[in-house]
Amino acid sequence: MATQAKRRRVAGPVGGGDAAPDPVAGFLSWCRQVGLELSPKVSVSRQGTVAGYGMVAQESVQPGELLFAVPRAALLSQHTCSIGGLLERERGALQSQSGWVPLLLALLHELQAPASPWSPYFALWPELGRLEHPMFWPEEERRRLLQGTGVPEAVEKDLANIRSEYYSIVLPFMEAHPDLFSPRVRSLELYRQLVALVMAYSEGPGPSFSLPPQNCLRMVATQLIPKGHEIFNTYGQMANWQLIHMYGFAEPYPDNTDDTADIQMVTVREAALQGTKVEAERLLLYERWDFLCKLEMVGEEGAFVIGREEVLTEEELTTTLKVLCMPAEEFREFKDQDGWGDNKREEDSLTITNIPKLKASWRQLLRDSVLLTLQTYATDLKSEQDLLSNEVYTRLSWREQQALQVRYGQKMILHQLLELTS
(Lines give C-alpha, C1' and ligand atoms only; values in the text may rest on other atoms or scores of the structure.)
Protein backbone atom coordinates (compact mmCIF):
# COMPACT_ATOMS: atom_id res chain seq x y z
CA MET A 1 0.00 0.00 0.00
CA ALA A 2 1.34 3.43 -0.87
CA THR A 3 2.48 5.61 1.99
CA GLN A 4 0.13 8.37 3.04
CA ALA A 5 1.81 11.40 1.50
CA LYS A 6 2.35 9.71 -1.83
CA ARG A 7 -1.30 8.87 -2.37
CA ARG A 8 -3.58 11.16 -4.27
CA ARG A 9 -6.89 12.19 -2.75
CA VAL A 10 -9.68 10.68 -4.83
CA ALA A 11 -12.08 13.61 -4.50
CA GLY A 12 -10.00 16.00 -6.59
CA PRO A 13 -7.87 19.07 -5.83
CA VAL A 14 -7.29 20.39 -2.34
CA GLY A 15 -9.91 22.82 -1.08
CA GLY A 16 -9.25 26.52 -1.39
CA GLY A 17 -11.40 29.60 -0.96
CA ASP A 18 -15.11 29.88 -0.29
CA ALA A 19 -16.51 30.32 -3.79
CA ALA A 20 -19.92 29.16 -2.52
CA PRO A 21 -21.57 28.91 0.93
CA ASP A 22 -21.02 25.14 0.78
CA PRO A 23 -18.86 24.09 -2.20
CA VAL A 24 -19.24 20.38 -1.35
CA ALA A 25 -23.06 20.53 -1.38
CA GLY A 26 -22.97 22.38 -4.70
CA PHE A 27 -20.49 19.88 -6.13
CA LEU A 28 -22.50 16.83 -5.00
CA SER A 29 -25.68 18.37 -6.41
CA TRP A 30 -23.86 18.87 -9.74
CA CYS A 31 -22.66 15.24 -9.60
CA ARG A 32 -26.24 14.03 -9.38
CA GLN A 33 -27.30 16.30 -12.25
CA VAL A 34 -24.61 14.98 -14.62
CA GLY A 35 -25.30 11.35 -13.68
CA LEU A 36 -22.15 10.72 -11.66
CA GLU A 37 -22.68 7.56 -9.63
CA LEU A 38 -21.27 7.79 -6.10
CA SER A 39 -21.17 4.76 -3.82
CA PRO A 40 -23.45 5.15 -0.77
CA LYS A 41 -20.51 3.81 1.26
CA VAL A 42 -18.39 6.94 0.72
CA SER A 43 -18.68 10.67 1.34
CA VAL A 44 -16.85 13.78 0.12
CA SER A 45 -15.86 16.20 2.88
CA ARG A 46 -13.08 17.96 4.77
CA GLN A 47 -13.67 15.85 7.88
CA GLY A 48 -11.29 12.94 8.44
CA THR A 49 -8.99 13.89 5.55
CA VAL A 50 -5.26 14.59 5.42
CA ALA A 51 -5.72 18.02 3.83
CA GLY A 52 -8.59 19.84 2.16
CA TYR A 53 -11.38 17.91 0.49
CA GLY A 54 -11.24 14.13 0.35
CA MET A 55 -13.28 10.96 0.09
CA VAL A 56 -13.90 8.97 3.26
CA ALA A 57 -15.36 5.46 3.68
CA GLN A 58 -18.58 5.64 5.74
CA GLU A 59 -18.74 1.84 5.70
CA SER A 60 -16.15 -0.86 5.01
CA VAL A 61 -15.45 -1.11 1.27
CA GLN A 62 -14.41 -4.44 -0.27
CA PRO A 63 -11.78 -4.87 -3.04
CA GLY A 64 -13.40 -4.49 -6.47
CA GLU A 65 -16.32 -2.42 -5.19
CA LEU A 66 -17.23 0.67 -7.23
CA LEU A 67 -16.38 3.97 -5.53
CA PHE A 68 -17.76 6.20 -8.28
CA ALA A 69 -18.42 6.31 -12.02
CA VAL A 70 -18.14 9.53 -14.06
CA PRO A 71 -20.12 9.70 -17.34
CA ARG A 72 -18.00 10.45 -20.38
CA ALA A 73 -19.81 13.73 -21.03
CA ALA A 74 -19.03 15.04 -17.52
CA LEU A 75 -15.26 14.72 -17.95
CA LEU A 76 -13.66 18.10 -18.53
CA SER A 77 -11.46 17.90 -21.62
CA GLN A 78 -10.78 19.66 -24.89
CA HIS A 79 -13.40 17.36 -26.43
CA THR A 80 -16.27 18.02 -23.98
CA CYS A 81 -15.81 21.77 -23.32
CA SER A 82 -18.07 24.30 -25.02
CA ILE A 83 -15.34 25.26 -27.54
CA GLY A 84 -14.46 21.64 -28.38
CA GLY A 85 -15.36 22.07 -32.05
CA LEU A 86 -13.05 25.07 -32.45
CA LEU A 87 -10.19 23.33 -30.64
CA GLU A 88 -10.59 20.30 -32.90
CA ARG A 89 -10.58 22.44 -36.07
CA GLU A 90 -7.47 24.31 -34.89
CA ARG A 91 -5.73 21.18 -33.63
CA GLY A 92 -2.82 21.53 -36.05
CA ALA A 93 -2.04 25.08 -34.93
CA LEU A 94 -2.25 24.09 -31.25
CA GLN A 95 0.38 21.36 -31.33
CA SER A 96 3.13 21.81 -28.75
CA GLN A 97 5.91 19.96 -26.97
CA SER A 98 3.75 19.33 -23.89
CA GLY A 99 0.64 18.27 -25.81
CA TRP A 100 -1.47 20.11 -23.21
CA VAL A 101 -2.42 23.32 -25.07
CA PRO A 102 -5.96 22.28 -26.16
CA LEU A 103 -6.82 21.10 -22.63
CA LEU A 104 -5.40 24.27 -21.05
CA LEU A 105 -7.34 26.47 -23.49
CA ALA A 106 -10.48 24.50 -22.55
CA LEU A 107 -9.77 25.25 -18.86
CA LEU A 108 -9.06 28.94 -19.55
CA HIS A 109 -12.36 29.28 -21.41
CA GLU A 110 -14.51 27.37 -18.91
CA LEU A 111 -12.98 29.19 -15.93
CA GLN A 112 -14.31 32.54 -17.15
CA ALA A 113 -17.52 31.32 -18.80
CA PRO A 114 -20.39 32.57 -16.55
CA ALA A 115 -22.49 29.48 -17.15
CA SER A 116 -19.76 26.82 -17.33
CA PRO A 117 -21.17 23.36 -16.52
CA TRP A 118 -18.04 22.74 -14.42
CA SER A 119 -18.40 25.77 -12.10
CA PRO A 120 -19.28 23.56 -9.08
CA TYR A 121 -16.08 21.56 -9.72
CA PHE A 122 -13.98 24.74 -9.95
CA ALA A 123 -15.40 25.78 -6.55
CA LEU A 124 -13.43 22.88 -5.00
CA TRP A 125 -10.15 23.97 -6.57
CA PRO A 126 -7.32 25.29 -4.43
CA GLU A 127 -6.54 28.99 -4.46
CA LEU A 128 -4.30 29.06 -7.51
CA GLY A 129 -2.10 31.74 -5.97
CA ARG A 130 -1.22 29.40 -3.09
CA LEU A 131 0.14 26.42 -5.02
CA GLU A 132 3.38 25.16 -3.44
CA HIS A 133 5.18 23.77 -6.51
CA PRO A 134 8.81 24.99 -6.65
CA MET A 135 8.01 26.80 -9.92
CA PHE A 136 6.14 29.36 -7.78
CA TRP A 137 8.98 29.88 -5.30
CA PRO A 138 11.24 32.90 -5.78
CA GLU A 139 14.27 31.81 -7.82
CA GLU A 140 16.70 32.62 -5.00
CA GLU A 141 14.74 30.47 -2.53
CA ARG A 142 14.41 27.62 -5.01
CA ARG A 143 18.16 27.56 -5.69
CA ARG A 144 19.11 27.97 -2.02
CA LEU A 145 16.83 25.20 -0.72
CA LEU A 146 17.06 22.73 -3.61
CA GLN A 147 20.62 23.17 -4.94
CA GLY A 148 22.06 19.81 -5.96
CA THR A 149 18.72 17.98 -6.05
CA GLY A 150 18.05 18.47 -9.77
CA VAL A 151 14.79 20.34 -9.07
CA PRO A 152 15.92 23.91 -9.95
CA GLU A 153 17.16 22.74 -13.37
CA ALA A 154 13.92 20.85 -14.06
CA VAL A 155 11.84 23.89 -13.01
CA GLU A 156 13.84 26.26 -15.19
CA LYS A 157 13.19 24.03 -18.21
CA ASP A 158 9.48 23.94 -17.33
CA LEU A 159 9.25 27.72 -16.98
CA ALA A 160 11.05 28.30 -20.28
CA ASN A 161 8.77 25.81 -22.08
CA ILE A 162 5.61 27.25 -20.49
CA ARG A 163 6.59 30.80 -21.41
CA SER A 164 7.42 29.83 -25.00
CA GLU A 165 4.19 27.83 -25.37
CA TYR A 166 2.10 30.66 -23.94
CA TYR A 167 3.47 33.49 -26.08
CA SER A 168 3.83 31.51 -29.32
CA ILE A 169 0.57 29.49 -29.26
CA VAL A 170 -1.83 30.19 -26.40
CA LEU A 171 -1.92 34.02 -26.25
CA PRO A 172 -2.22 34.48 -30.06
CA PHE A 173 -5.12 31.98 -30.05
CA MET A 174 -6.93 33.80 -27.21
CA GLU A 175 -6.36 37.18 -28.86
CA ALA A 176 -7.79 35.81 -32.11
CA HIS A 177 -10.96 34.80 -30.20
CA PRO A 178 -11.58 37.69 -27.74
CA ASP A 179 -15.25 36.75 -27.46
CA LEU A 180 -14.25 33.38 -25.94
CA PHE A 181 -11.44 34.52 -23.62
CA SER A 182 -11.89 37.57 -21.39
CA PRO A 183 -8.83 39.73 -20.64
CA ARG A 184 -8.62 38.35 -17.09
CA VAL A 185 -7.61 34.87 -18.34
CA ARG A 186 -4.98 36.20 -20.76
CA SER A 187 -2.21 35.89 -18.21
CA LEU A 188 1.08 33.98 -18.20
CA GLU A 189 0.80 33.61 -14.41
CA LEU A 190 -2.65 32.00 -14.65
CA TYR A 191 -1.40 29.75 -17.47
CA ARG A 192 1.52 28.65 -15.26
CA GLN A 193 -0.89 27.89 -12.41
CA LEU A 194 -3.12 25.78 -14.65
CA VAL A 195 -0.11 23.86 -15.96
CA ALA A 196 0.84 23.08 -12.35
CA LEU A 197 -2.73 21.99 -11.59
CA VAL A 198 -2.86 19.74 -14.64
CA MET A 199 0.54 18.25 -13.66
CA ALA A 200 -0.65 17.64 -10.10
CA TYR A 201 -4.11 16.23 -10.78
CA SER A 202 -3.84 14.47 -14.13
CA GLU A 203 -3.39 10.71 -14.33
CA GLY A 204 0.13 10.18 -15.60
CA PRO A 205 2.28 11.91 -18.20
CA GLY A 206 1.01 13.48 -21.40
CA PRO A 207 -2.34 15.19 -22.03
CA SER A 208 -4.65 14.66 -19.07
CA PHE A 209 -8.39 14.16 -18.74
CA SER A 210 -8.35 12.16 -21.99
CA LEU A 211 -11.56 10.28 -22.65
CA PRO A 212 -11.64 6.53 -22.05
CA PRO A 213 -13.19 4.27 -24.71
CA GLN A 214 -16.08 3.19 -22.48
CA ASN A 215 -19.06 5.40 -21.62
CA CYS A 216 -17.78 6.26 -18.17
CA LEU A 217 -14.66 6.41 -16.04
CA ARG A 218 -14.91 3.97 -13.12
CA MET A 219 -12.92 4.08 -9.88
CA VAL A 220 -12.89 0.83 -7.89
CA ALA A 221 -11.27 -0.18 -4.60
CA THR A 222 -8.11 -2.27 -5.04
CA GLN A 223 -8.01 -3.38 -1.40
CA LEU A 224 -10.14 -3.43 1.74
CA ILE A 225 -10.89 0.12 2.95
CA PRO A 226 -11.98 0.16 6.61
CA LYS A 227 -14.80 2.41 7.79
CA GLY A 228 -13.61 5.93 8.59
CA HIS A 229 -10.49 5.74 6.39
CA GLU A 230 -9.72 8.31 3.71
CA ILE A 231 -9.56 6.88 0.18
CA PHE A 232 -6.46 7.53 -1.91
CA ASN A 233 -5.33 7.08 -5.49
CA THR A 234 -1.61 6.32 -5.63
CA TYR A 235 0.96 8.58 -7.29
CA GLY A 236 2.97 5.52 -8.35
CA GLN A 237 6.69 5.04 -7.83
CA MET A 238 8.17 8.51 -7.52
CA ALA A 239 11.29 9.86 -5.86
CA ASN A 240 10.99 12.83 -3.51
CA TRP A 241 12.51 15.24 -6.05
CA GLN A 242 9.77 14.22 -8.51
CA LEU A 243 7.05 14.61 -5.89
CA ILE A 244 8.11 18.14 -4.93
CA HIS A 245 8.60 19.10 -8.59
CA MET A 246 5.18 17.88 -9.75
CA TYR A 247 3.04 18.09 -6.61
CA GLY A 248 4.71 20.53 -4.23
CA PHE A 249 5.48 18.17 -1.32
CA ALA A 250 7.94 15.42 -0.31
CA GLU A 251 7.66 12.43 2.00
CA PRO A 252 9.47 12.53 5.35
CA TYR A 253 12.50 10.25 5.60
CA PRO A 254 12.43 7.23 5.53
CA ASP A 255 8.82 6.82 4.31
CA ASN A 256 9.51 7.05 0.58
CA THR A 257 10.91 3.64 -0.33
CA ASP A 258 10.99 4.75 -3.99
CA ASP A 259 13.38 7.63 -3.32
CA THR A 260 16.45 7.96 -5.56
CA ALA A 261 19.62 9.98 -5.96
CA ASP A 262 21.12 10.93 -9.31
CA ILE A 263 24.76 10.90 -10.33
CA GLN A 264 25.08 12.97 -13.49
CA MET A 265 26.75 10.97 -16.26
CA VAL A 266 29.19 13.81 -16.96
CA THR A 267 30.18 13.69 -13.27
CA VAL A 268 31.50 10.13 -13.77
CA ARG A 269 33.49 11.41 -16.75
CA GLU A 270 34.84 14.25 -14.61
CA ALA A 271 35.81 11.79 -11.86
CA ALA A 272 37.60 9.59 -14.42
CA LEU A 273 39.45 12.63 -15.82
CA GLN A 274 40.76 13.37 -12.32
CA GLY A 275 42.70 10.12 -12.53
CA THR A 276 44.48 10.95 -15.81
CA LYS A 277 48.05 12.24 -15.63
CA VAL A 278 49.09 12.94 -19.24
CA GLU A 279 47.39 14.18 -22.42
CA ALA A 280 47.42 10.72 -24.03
CA GLU A 281 45.39 9.33 -21.11
CA ARG A 282 42.88 12.19 -21.37
CA LEU A 283 42.47 11.63 -25.11
CA LEU A 284 41.92 7.91 -24.56
CA LEU A 285 39.33 8.68 -21.89
CA TYR A 286 37.40 10.94 -24.29
CA GLU A 287 37.60 8.19 -26.91
CA ARG A 288 36.07 5.77 -24.39
CA TRP A 289 33.35 8.32 -23.56
CA ASP A 290 32.52 8.85 -27.23
CA PHE A 291 32.21 5.09 -27.62
CA LEU A 292 29.80 4.94 -24.67
CA CYS A 293 27.77 7.71 -26.35
CA LYS A 294 27.70 5.62 -29.55
CA LEU A 295 26.42 2.65 -27.52
CA GLU A 296 23.74 5.04 -26.13
CA MET A 297 24.85 4.26 -22.58
CA VAL A 298 25.62 7.89 -21.67
CA GLY A 299 24.69 11.42 -22.71
CA GLU A 300 25.61 14.95 -21.75
CA GLU A 301 22.32 15.50 -19.88
CA GLY A 302 21.70 11.97 -18.60
CA ALA A 303 21.98 10.65 -15.05
CA PHE A 304 22.63 7.34 -13.35
CA VAL A 305 19.75 6.70 -10.94
CA ILE A 306 20.49 5.07 -7.58
CA GLY A 307 17.73 3.73 -5.34
CA ARG A 308 17.96 2.56 -1.78
CA GLU A 309 18.20 -1.10 -2.73
CA GLU A 310 19.10 -1.10 -6.42
CA VAL A 311 20.71 0.85 -9.23
CA LEU A 312 17.81 1.69 -11.52
CA THR A 313 20.18 2.33 -14.45
CA GLU A 314 22.26 -0.80 -13.80
CA GLU A 315 23.12 -1.63 -17.42
CA GLU A 316 24.22 1.93 -18.22
CA LEU A 317 26.33 2.34 -15.07
CA THR A 318 27.89 -1.15 -15.33
CA THR A 319 28.88 -0.60 -18.96
CA THR A 320 30.25 2.88 -18.16
CA LEU A 321 32.41 1.66 -15.27
CA LYS A 322 33.60 -1.28 -17.37
CA VAL A 323 34.59 0.81 -20.41
CA LEU A 324 36.22 3.62 -18.42
CA CYS A 325 38.20 1.25 -16.20
CA MET A 326 39.27 -1.56 -18.58
CA PRO A 327 42.92 -1.72 -19.76
CA ALA A 328 43.65 0.10 -23.04
CA GLU A 329 44.23 -3.11 -25.02
CA GLU A 330 41.00 -4.63 -23.77
CA PHE A 331 39.15 -1.43 -24.75
CA ARG A 332 40.55 -1.67 -28.32
CA GLU A 333 39.17 -5.22 -28.66
CA PHE A 334 35.86 -4.21 -27.06
CA LYS A 335 35.54 -1.26 -29.45
CA ASP A 336 36.42 -3.37 -32.49
CA GLN A 337 33.55 -5.69 -31.57
CA ASP A 338 31.20 -2.69 -31.09
CA GLY A 339 30.65 -3.73 -27.49
CA TRP A 340 29.54 -7.25 -28.40
CA GLY A 341 31.01 -10.52 -27.26
CA ASP A 342 31.47 -9.35 -23.68
CA ASN A 343 29.69 -11.66 -21.28
CA LYS A 344 28.32 -10.02 -18.15
CA ARG A 345 29.84 -11.63 -15.10
CA GLU A 346 28.08 -12.16 -11.79
CA GLU A 347 30.81 -10.25 -9.91
CA ASP A 348 30.10 -7.20 -12.10
CA SER A 349 26.45 -7.04 -10.96
CA LEU A 350 25.55 -3.60 -9.61
CA THR A 351 23.05 -4.68 -6.99
CA ILE A 352 23.56 -2.66 -3.82
CA THR A 353 24.73 -5.73 -1.87
CA ASN A 354 27.27 -6.62 -4.57
CA ILE A 355 28.95 -3.19 -4.80
CA PRO A 356 31.63 -4.02 -2.17
CA LYS A 357 32.66 -7.01 -4.37
CA LEU A 358 33.26 -4.91 -7.51
CA LYS A 359 36.77 -4.47 -8.89
CA ALA A 360 38.78 -1.90 -6.94
CA SER A 361 39.02 0.42 -9.98
CA TRP A 362 35.23 0.38 -10.42
CA ARG A 363 34.64 1.08 -6.73
CA GLN A 364 37.14 3.95 -6.78
CA LEU A 365 35.55 5.61 -9.82
CA LEU A 366 32.08 5.20 -8.32
CA ARG A 367 33.29 6.63 -5.00
CA ASP A 368 34.96 9.62 -6.67
CA SER A 369 31.73 10.26 -8.61
CA VAL A 370 29.67 10.19 -5.40
CA LEU A 371 32.07 12.63 -3.71
CA LEU A 372 31.81 15.05 -6.65
CA THR A 373 28.01 14.74 -6.54
CA LEU A 374 27.91 15.55 -2.82
CA GLN A 375 29.89 18.72 -3.52
CA THR A 376 26.99 20.08 -5.60
CA TYR A 377 24.83 20.50 -2.46
CA ALA A 378 25.14 23.66 -0.38
CA THR A 379 25.22 21.72 2.91
CA ASP A 380 26.57 18.41 4.23
CA LEU A 381 24.72 15.46 5.77
CA LYS A 382 25.53 16.51 9.35
CA SER A 383 23.90 19.92 8.80
CA GLU A 384 20.73 18.20 7.54
CA GLN A 385 20.67 15.83 10.52
CA ASP A 386 20.91 18.81 12.89
CA LEU A 387 17.95 20.48 11.13
CA LEU A 388 15.89 17.29 11.42
CA SER A 389 15.98 17.37 15.21
CA ASN A 390 12.38 17.96 16.25
CA GLU A 391 12.87 21.28 17.98
CA VAL A 392 14.61 22.89 14.99
CA TYR A 393 12.48 21.18 12.32
CA THR A 394 9.19 22.53 13.66
CA ARG A 395 10.51 26.09 13.33
CA LEU A 396 11.26 25.65 9.62
CA SER A 397 8.81 26.92 7.00
CA TRP A 398 6.80 24.42 4.93
CA ARG A 399 9.12 24.91 1.95
CA GLU A 400 12.23 24.49 4.11
CA GLN A 401 10.84 21.24 5.55
CA GLN A 402 9.94 19.77 2.14
CA ALA A 403 13.28 20.76 0.58
CA LEU A 404 15.14 19.30 3.57
CA GLN A 405 13.39 15.94 3.09
CA VAL A 406 14.40 15.91 -0.60
CA ARG A 407 18.05 16.73 0.15
CA TYR A 408 18.32 14.39 3.12
CA GLY A 409 16.86 11.39 1.29
CA GLN A 410 19.26 11.84 -1.62
CA LYS A 411 22.28 12.31 0.63
CA MET A 412 21.45 9.18 2.64
CA ILE A 413 21.50 7.13 -0.59
CA LEU A 414 24.80 8.72 -1.68
CA HIS A 415 26.39 8.18 1.74
CA GLN A 416 25.31 4.53 1.63
CA LEU A 417 27.21 4.29 -1.68
CA LEU A 418 30.27 5.86 -0.04
CA GLU A 419 30.22 3.19 2.66
CA LEU A 420 29.82 0.40 0.12
CA THR A 421 32.72 1.63 -2.04
CA SER A 422 35.19 2.32 0.79
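Of the 81 residues in the largest nonpolar core, the ones that touch the most other members are Leu105, Leu108, Met174, Phe181 and Tyr191. A nonpolar core is here a set of buried Ala, Val, Leu, Ile, Met, Phe, Trp, Tyr and Cys residues joined through side-chain atoms within 4.5 Å, and buried means under 20% relative accessible area, while exposed means over 50% and partly exposed lies in between, with a 1.4 Å probe and protein chains only. Apart from the largest core lies another core, of 39 residues, among them Phe291, Ile352, Leu372 and Leu420.

The model is a predicted one, in which local features need pLDDT of at least 70 and side-chain atom pairs count only at pLDDT 80 or more, whereas totals for chains, interfaces and linings use all residues. Residues are numbered from 1 along each chain as its sequence is written, and side-chain values use heavy atoms, with hydrogens and water left out.

## The chain as a whole

The secondary structure of the chain comes to 16 helices and nine strands, where helices (H or I, at least four residues) and strands (E, at least two) are DSSP runs numbered from the N terminus. Along the principal axes, the C-alpha atoms fill a box of roughly 75 × 50 × 40 Å. Of the 422 residues of the chain, 49% count as buried, and the accessible surface comes to about 20,900 Å², of which 51% belongs to carbon and sulfur atoms; such areas come from the Shrake-Rupley method with a 1.4 Å probe, and for residues only the protein chains shown count as cover.

Contact means heavy atoms within 4.5 Å. Among the contacts in the chain with a separation of 6 or more, 74% are accounted for by residues 24 or more positions apart. Methionine 174 gives a local example, since leaving out residues up to four places away in sequence, methionine 174 touches Leu105, Leu108, Tyr166, Phe181, Val185 and Arg186.

## Aromatic rings

The structure holds 11 aromatic pairs. Rings of Phe, Tyr and Trp (its six-membered ring) pair if their centres lie within 6.5 Å, and planes under 30 degrees apart count as stacked, over 60 as edge-to-face and the rest as tilted. In the pair of phenylalanine 122 and tryptophan 125, the ring centres are 5.0 Å apart and the planes stand at 70°, so this pair is edge-to-face. Both phenylalanine 122 and tryptophan 125 are buried, and together with Tyr121 they form one aromatic cluster.

The rings of tyrosine 166 and tyrosine 167 also make an edge-to-face pair, because their centres are 5.1 Å apart and their planes are at 80°. Tyrosine 166 is buried, with a relative accessible area of 2%, whereas tyrosine 167, at 41% relative accessibility, counts as partly exposed.

A charge can also sit over a ring, which requires NZ of Lys or CZ of Arg within 6 Å of the ring centre and within 35 degrees of the ring normal. The charged end of arginine 46 sits in this way over the ring of tyrosine 53, 4.4 Å from its centre.

## Salt bridges

The structure holds 19 salt bridges, a salt bridge being a side-chain nitrogen of Lys or Arg within 4 Å of a carboxyl oxygen of Asp or Glu. Among them are the following.

| Salt bridge | Closest N to O distance |
|---|---|
| Glutamate 141 and arginine 399 | 2.8 Å |
| Aspartate 386 and lysine 382 | 2.9 Å |
| Arginine 407 and glutamate 384 | 2.7 Å |

Glutamate 141 lies in helix 5 (residues 139-146) and arginine 399 in helix 16 (residues 398-421), so their salt bridge ties together parts that are 258 residues apart in sequence. Glutamate 141 counts as buried at 14% relative accessibility, and Glu132, Glu141 and Arg399 are linked in a network of salt bridges.

Aspartate 386 and lysine 382 both lie in helix 14 (residues 381-387), four residues apart, about one turn of the helix. Aspartate 386 is partly exposed, with a relative accessible area of 40%. Arginine 407 in helix 16 and glutamate 384 in helix 14 are 23 residues apart, and their pair links distant parts of the chain; both residues are buried.

## Around helix 11

Threonine 319 is found in helix 11 (residues 314-325), and glutamate 316 lies in helix 11 as well. Threonine 319 counts as buried at 13% relative accessibility, while glutamate 316 is partly exposed, with a relative accessible area of 26%. Leaving aside neighbours within four places in sequence, threonine 319 is in contact with Leu292, Leu295 and Met297, and glutamate 316 touches Met297 and Phe304. Glutamate 316 and methionine 297 are 19 residues apart in sequence and 5.0 Å apart in space, C-alpha to C-alpha.
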